[in-house]
Amino acid sequence: MKKTLLLIFGILLLGSSQLAFSQQALSDSARMAWWKEARFGLFIHWGIYSVPAGTYNDQKVAGIGEWIMNKGKIPMVEYQKYAAQFNPVKYNAEEWVKMAKDAGMKYIVITSKHHDGFAMFKSDASNFNIVDATPFKRDAIKELAAACKKYNMKLGLYYSQAQDWNHPGGAANGGQWDPLQKGNMDDYLDKIAVPQIKEILTKYGTISVLWFDTPTDMTKERAEKILPLLKLQPNIIINNRLGGGYSGDLETPEQFIPPTGIPGKNWESCMTMNDTWGFKSYDNNWKSASTLVRNLIDIASKGGNYLLNVGPTSEGLIPDSSVVRLKGIGKWLHANGEAIYGSSPSPFPFLKWGRCTRKGQTLYLHVFDWPTNGKLEVPLENAVTKAYMLENPKQLLKTSSENGHLIINVPAKASNEIATVIVIQIKGEPKVEPAISKGLKGDASSFAPGFESEKAFDGIPTTRWKAVETEKSGWLVADFGKSVKICAASIVEGGSTEKNITKFQFEYKDGNDWKVIFAGKSIGLGVMKTFPTIEASQFRINILEAKATPFITDMQLYQDR
Ligand code: H79
């Protein structure tokens, strides 16, 4: 009886967001454990948009490739013809999984249905799917799921729950363009999204991640049509894009790395290798393997995961340019993976020459800019019991201390051009040099009660500076009272949804004038910039325009030394 009552009580509570996962098999931390350890995953954007590959009616369509239907305002019946041309006979799921594995990736997230509404799996809810609408007739998700299982790779599925441009009632960012799209969104959810999510969560074995996107027009009620389906995969991880007020398990910065991480949250930066997610035949703006590895290091040093995208072709091939880069990353990780997997974030607020990751009393120093004088200066007070390069552990490095900083004697040349990892074993908890601005009182154009300027310099993510209610602009200054050498700054506005500032300048005082160091149009989760060293006693953010009263959660300046 007691048990039954508890069960009823539990079911009643299920609707509320905190308790939505109360029936999951594992505790939150156990459920997230593999994901936190993993650090690096492969995103795959694959669909029939790879047929036009960025060109419609002989016109190049600007923007990301998987958006071609929306950006080109392609009518539904026209777009659906691409399905008949989609025959990716070169698709080999096992090769893709092996490629991801060799690149050092620990999970894969693939588009099971993007905004275009085309399902890459056999669906009974809609014929607009890879088995029923293409000459290929094979279930791409089924094959990938089998390959992942065989090679012990975690599989996640992306599903566009709200936007759907080929089923009546599906949402469309920027508005619908074809009368056939008109319909009721609740009907769309009931007839397409809910049954299809049920299909992908039941037909393909263990699904480790469900990756929602763009919660356009999602309300709490609509999200709650989908939420109960998660019980079909008791240990599933979901991102923060379901909508309706549900925050999920992960923050998902898209195409950027939050400069100070996202304190207290699990987060994953998803990023492209060129400028598109879905394949575009003429997008050759590839980032170098070095940049991609450094992004991974940067993200790991801030406590996040890196979900790196490939956009396969309509033949079923991952572009060579991507393959080459994945191999380059794999090579680096093969030698240096110990410094990435299962690591925790850097204890340092800033390192001029690179980044740091940590495992307890082991610090991994990822050196991007190798010292020219044979000495690596680390703003750390601790005694060091051992120092060596991760790629050459037998050769121990000499260390000493100068002005409270650790000095590591290093060879003349870096052992790895992308990033050389130096491992140090330290005694005790890391004692690092704080940002020079930390604890400053500061000053501001105005402040609301309880939101004084010093709240932006205290390093505490829950306190902030805020101007008086009526303001839409203002400034916040770090006044050192003496000249200091500054080479970098980080500014954090708030959470991922707090993008209030729309125009700002970061400035220093030169005599009676304020001079601009850098400018921008948005801050949100943060901006971090390094710049040629400037000697001055006052630095400020000058907020020129904001949607509402400006506020800053944290602003720190970093010394050149
Ligand atoms: O799946 C990828 C994107 O298609 C999807 N999220 C990643 C992971 C995404 N959907 N919307 N957005 C990202 C952001 C919206 C971008 C837009 Fe635009 C700006 C939509 C319209 C203007 C980019 C530029 C797309 C069309 C033009």
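Two strands pair if DSSP finds at least two bridges between them. Keep that rule in mind as you move through this predicted model.

**Stop 1: a strand with two faces**

Select β13, residues 375–378. Its neighbour is strand β17, residues 405–409, and four bridges join the two in an antiparallel arrangement. Now click on leucine 376: its bridge partner in β17 is isoleucine 408. Show the side chains of β13 as well. Leu376 and Val378 make up its covered face, whereas Lys375 and Glu377 lie on the uncovered one.

**Stop 2: the whole protein**

Zoom out. The protein has 10 helices and 26 strands, and its C-alpha atoms fill a box of roughly 70 × 70 × 60 Å along the principal axes. What radius of gyration would a compact globule with 561 residues have? It would be near 24 Å, and the 25 Å of this protein agrees with that. Colour by burial if your viewer allows it: buried residues make up 54% of the 561. Among contacts with a separation of 6 or more, 71% are between residues 24 or more positions apart. The protein exposes about 24000 Å², with carbon and sulfur atoms supplying 51% of that area.

**Stop 3: the eight-stranded sheet**

Next, pick out the open sheet of eight strands, which pair in parallel. Walking across it, you meet them in the order β7-β6-β5-β4-β1-β10-β9-β8. Which strands are at the edges? They are β7 (237–238) and β8 (250–251), each of which pairs on one side only.

From β8, step inward to β9, residues 266–271, which runs parallel to β8 and is joined to it by two bridges. Leucine 250 stands opposite asparagine 266 in β9. Then add helix α9, residues 289–301, which packs on the sheet and touches β1 (40–44), β9 and β10 (305–310). The direction of α9 makes about 150 degrees with that of β10. Helix α10, residues 320–336, lies across β1 and β10, and also runs at about 150 degrees to β10.

**Stop 4: inside β9**

Stay with β9 and show its side chains. Asn266, Glu268 and Cys270 point one way, Trp267, Ser269 and Met271 point the other way, and all are buried. Because six of the six residues of β9 are buried, this strand is largely enclosed by the rest of the structure. On the β10 side, four bridges join the two parallel strands; here cysteine 270 has leucine 307 as its bridge partner.

**Stop 5: the cysteines**

How many disulfides are there, counting cysteine sulfur pairs within 2.5 Å? The count comes to zero. Cysteine 270 is in no disulfide, and the nearest cysteine sulfur, in cysteine 148, is 19 Å away. Cysteine 270 is also buried, with a relative accessible area of 0%. Now jump to cysteine 487. Its sulfur is too far for a bond, because the closest cysteine sulfur, in cysteine 356, is 17 Å away. Cysteine 487 counts as buried too, at 2% relative accessibility.

**Stop 6: a glutamine in a helix**

Finish at glutamine 196, in helix α7 (residues 185–202). Is this residue buried or exposed? Glutamine 196 counts as buried, because its relative accessibility is 0%. Select its surroundings: leaving aside residues up to four places away in sequence, glutamine 196 touches Lys113, Ala119, Phe121, Ser123, Ala125, Ser126 and Tyr159.

Definitions and conventions:
Residues are numbered from 1 along each chain as its sequence is written. This is a predicted model: local features need pLDDT of at least 70, side-chain atom pairs count only at pLDDT 80 or more; totals for chains, interfaces and linings use all residues. Side-chain values use heavy atoms; hydrogens and water are left out. A disulfide is a pair of cysteine sulfur atoms within 2.5 Å. Buried means under 20% relative accessible area, exposed over 50%, partly exposed in between (1.4 Å probe, protein chains only). The radius of gyration is taken over C-alpha atoms; the globule rule is 2.2 Å times the number of residues to the power 0.38. Contact means heavy atoms within 4.5 Å. Accessible areas come from the Shrake-Rupley method with a 1.4 Å probe; for residues, only the protein chains shown count as cover. Axes are lines fitted to C-alpha atoms, for helices over the stretch in contact, and angles run from 0 to 180 degrees between N-to-C directions.
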